[in-house]
Amino acid sequence: MQAATTDAPLALHRGLLATLQRRMPPNQSSEPLVELLRALTIALSRGDISLQLHDAAEVPDGIETDGWPRVHRDALLASGWLDGDQAVLVLNDNTLSWRRWNGAMQELERELQRRCFQTPIHATTLEAPPSRLAKNNNLSSEQLAAVHAIDRYGVVLLSGGPGTGKTSTVLHMLLRAFENQPKLRARLAAPTGKAARRLQDAIRSNPITAALPCTTLHRLLEARPGGFGRHRRNPLPLDLLIVDEMSMVDLELGRALLSALPTHCQLVLVGDSAQLPPIGAGAVWQHLQQPDQNRRFKDGAITLTEVYRNRGALAQMSALLRDQGLKPFWLKLSALPKTSNITASYPRTRQIPVAVHAALTLHLDHLEKKASALEINAHGQPNQQQAQNLLNILDTLMVLCPRRRGPWGVDAVHQHLLDGSEPQRWPSGLPVLCSENQPELGLANGDLGVMVGEGAQQRALFLCSDSSGENRHALYHPARLRHLEPALALTIHKAQGCEMDKVLLLWPALDDRQSSSLLYTAITRAKQQLLLFADPTALALGRSAGSRRPEDQSNNGDA
């Protein structure tokens, strides 16, 4: 197949190839060997640390020579690159990996499994019945299994798609733990501020869990230049930690998290393996959800399958895409009734579709009116309730794009609707994105806010979190924010951890290898309605694509 590469992976490939040839001259060099290294490098640029070389493996990007994978596997075995302690590659059961990341992933696996079978600090000595709340709320057998698991396992893996009750199950697991040990030191975290606050909103419904801190992982670990303030020599004072949106956690962050936990601390990991893998190397959650890995955690690994939220076609189509792949999805899409909460159109234009322009214009007008009515006191602090009402509007509509650049990309949307890229030219009411962690301001990478005022009075409104997890609304001068960008549209990567009532999805023609997990993640951001605007070429590509599961796809590095 034709390689779909960018300059950065190609440059990395050339550098790695030159280094390997210098340090470990291959016994036999060949084009298939060069291609194999190129494919592994492209995969690494997307966060994947391995390639499958079994006979039924899909042809990855970077491979052009016929005979995949037998010819490439034979070239690798003949090269000598797998031999000796200095080898940078390792081949296990037809899985080719970088030795460094393979070793790190195995180390993480061993630590999780060691922790899994130690008794939780809150466990009772008697076989206790399910909690009263579990009885009264008619939990499913899957959810009850998770509640029981928190009594028995030091590590619990809770997986499930959208609407399967992961968050409510987490609440009952917490209540069960506190029922056993009321003085339990517990905390919740997620990779992004938006995901952390969504999780915190869910646990506030119960007085027992309402005050539990819920922050980003970087804030929890006290991220600082060069590393984290929490580590093995300065562990977190915790008995129980719950981490949501695990699909976004890469290997480096996963290792840092385990290093910062005291040996007795129970860990509950929650996620959906069909979501996009992390941009960084090593998709921890997707790796742990592989059948051979998952079964090692025995009954400590629970998958929720029953869907509770009535999401209509959104649930049906995301499940179809997850389980069967692109081709069945595109074929079924055209047969959906007009009353469906997914509608698709296929504009033959490279311009932003008229319907998207109209929806964003109305959205901006609504935000501008609310922003102009925001009361600000003499100390520059906003009315907290009005500020929350303003930010809540952001959850009503979002435009998502697979890419930042190119036709129908995020940049194209903003160039179409905004007068310039400088913040001082942005209108009041414009959604904005903080794209760098600024813990001194209580902001995390991915936090969404709204511009308020113009000229000398222009400020950016955000919901900020302090070190204890308490939230407050604050106004900041744009000059205090190191990386601020407009957010009328987001890449699908940036939208992970968010949910919106209505999603407008701009879908250009993409290589099918990058499409399935991106599309699944985009669909599952919508709570009520999805409007899909697809390039007709993308439709044709999708209908001719193989039926591969989203978790088998690579992510799109243009995030």
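**A pocket between two domains, and the cores around it**

Domain 2 (104-304) and domain 3 (313-542) both contribute residues to the lining of the second largest pocket, so this pocket sits between the two. Keep in mind as you look around that this is a predicted model.

Let's stay with that pocket for a moment. The space inside comes to about 890 Å³. Its lining counts 33 residues, and if you want to find the centre, head for H218, M248, D250, L253 and G280, which are the closest to it. In terms of secondary structure, α4 (99-116), β7 (223-224), β8 (227-228) and α10 (251-259) each put at least two residues into the lining. The biggest giver is α10, with four residues. As for chemistry, the lining of the second largest pocket splits into 16 nonpolar, eleven polar and six charged residues.

Now step back to the whole chain. The protein has 559 residues, and 56% of them count as buried. Its secondary structure adds up to 19 helices and 21 strands. Take the contacts between residues at least 6 apart in sequence: 75% of these join residues at least 24 apart.

On to the nonpolar interior. The largest nonpolar core holds 87 residues, and the ones touching the most other members are L112, L174, L188, L240, L241, L267 and L269. Helix α2 (residues 31-45) supplies the largest share of this core, eight residues. Domain 1 (7-93) and domain 2 (104-304) both give residues to this core, so it lies between them. There is also another core, apart from this one, with 50 residues, including L320, L505, A522 and A538.

What does L240 touch, once its neighbours within four places in sequence are left aside? Its contacts are I150, L174, A177, L184, R185, A186, R187, C265, Q266 and V268. One of these partners, L174, is also on the list of core residues that touch the most other members.

A177, another contact of L240, leads us to a last stop, T124. The C-alpha atoms of T124 and A177 are 9.8 Å apart, although 53 residues separate the two along the chain. You'll find T124 in the loop between α4 and α5 (132-136), and α4 is the helix we met in the lining of the second largest pocket. Is T124 buried, exposed or partly exposed? With a relative accessible area of 36%, T124 is partly exposed, because buried means under 20% and exposed means over 50%.

Technical notes. Residues are numbered from 1 along each chain as its sequence is written. This is a predicted model: local features need pLDDT of at least 70, side-chain atom pairs count only at pLDDT 80 or more; totals for chains, interfaces and linings use all residues. Side-chain values use heavy atoms; hydrogens and water are left out. On a 1 Å grid over the protein atoms alone, a cavity is a set of points where a 1.4 Å probe fits but cannot get out, and a pocket is an open set with protein on both sides within 12 Å along at least five of seven lines; lining residues have an atom within 4 Å of a point. Grid points are joined across faces, edges and corners, and a volume is the space filled by probe spheres set on the points. Ala, Val, Leu, Ile, Met, Phe, Trp, Tyr, Cys and Pro count as nonpolar, Asp, Glu, Lys and Arg as charged, and the others, Gly among them, as polar. Domain bounds come from an automatic or database domain assignment. A nonpolar core is a set of buried Ala, Val, Leu, Ile, Met, Phe, Trp, Tyr and Cys residues joined through side-chain atoms within 4.5 Å. Buried means under 20% relative accessible area, exposed over 50%, partly exposed in between (1.4 Å probe, protein chains only). Contact means heavy atoms within 4.5 Å.
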